[in-house]
Structure formats: structure tokens, C-alpha cells
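This briefing is intended for a reader who is meeting the structure for the first time. It takes up the ligand surroundings, one helix and its neighbours, and the chain as a whole.

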Amino acid sequence: MAEVTKVTIDQDECISCEACIAECEAVLEMVDDKATVKADAQDPAVLKQHSDEIIAAAEVCPCDAIQVETA
Ligand code: SF4
């Protein structure tokens, strides 16, 4: 299983569809109508714990706005 080590969102690409939030509410949230990574989720243990959901969120994004790095 891939372990997520970093997740970033290109907010210029985000169209505010919230599809990623449905996949990964633990790590992602909407702020000012743009998907963002929760501040308290920028922790390696949290990212690792939610790896599957983060990857699913990146895959569901229609704009490829979510970049994921894995170990
Ligand atoms: S799925 Fe992509 S376009 Fe939709 S809210 Fe999330 S980052 Fe934005």
C-alpha cells in the first residue's frame, strides 16, 4: 500500500466541486470555496493513516488539482 508523504492542492485549478472532500474529510476541507489541506493534517502520521482516502481524492478530482507524493 502506498503511503502518502505529502499532499498539495493547486487552488488555481480547483473548481470547488467538493468531490475530494467526500472522499477524504479527515484531511481536506473547503476554505473560501477552495479545497485545502487541513492545517492539523500536515503531519506525516496523519497523512500515512489516511493514505487510501487521499489517493482516492486525488483520483476523483476532475481538474487534477491534487498532487500526492508517496513513499
Ligand atoms: S475535487 Fe478537485 S476541483 Fe473538486 S473541490 Fe477537490 S480539488 Fe477542487
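In this predicted model, 15 residues surround the ligand, and those that come nearest are Cys14, Cys17, Cys20, Ala35 and Cys61. The shell that these residues belong to is made up of 13 nonpolar residues, one polar residue and one charged residue.

**Helix H3 and its neighbours**

- Helix H3 covers residues 51-60, and its buried residues are Ser51, Ile54 and Ala57.
- These buried residues line one face of the helix, because they fall within an arc of 125° when H3 is seen down its axis.
- Three strands are among the elements against which the buried residues of H3 pack: E1 (4-9), E2 (28-31) and E4 (66-70).
- The buried residues of H3 also pack against two helices, H1 (19-23) and H2 (44-49).

**Fold of the chain**

- The chain contains three helices and four strands.
- Along the sequence, these elements follow the pattern β-α-β-β-α-α-β.
- The chain is as compact as a globular protein of 71 residues, because its radius of gyration is 11 Å, close to the 11 Å given by the globule rule for that length.

**Dimensions, burial and contacts**

- The C-alpha trace of the chain spans about 30 × 20 × 20 Å along its principal axes.
- Buried residues make up 25% of the 71 residues in the chain.
- Among contacts with a separation of 6 or more, 66% are between residues 24 or more positions apart.

Conventions:
Residues are numbered from 1 along each chain as its sequence is written. This is a predicted model: local features need pLDDT of at least 70, side-chain atom pairs count only at pLDDT 80 or more; totals for chains, interfaces and linings use all residues. A residue is near a molecule or strand if its C-beta atom, placed from the backbone, lies within 6 Å of it. Ala, Val, Leu, Ile, Met, Phe, Trp, Tyr, Cys and Pro count as nonpolar, Asp, Glu, Lys and Arg as charged, and the others, Gly among them, as polar. A residue is buried if 20 or more other C-beta atoms lie within 10 Å of its own, exposed if 12 or fewer, and partly exposed in between; C-beta atoms are placed from the backbone. The arc is that of the directions from the helix axis to the C-beta atoms. Two residues are in contact if their C-beta atoms, placed from the backbone, lie within 7 Å. The radius of gyration is taken over C-alpha atoms; the globule rule is 2.2 Å times the number of residues to the power 0.38.
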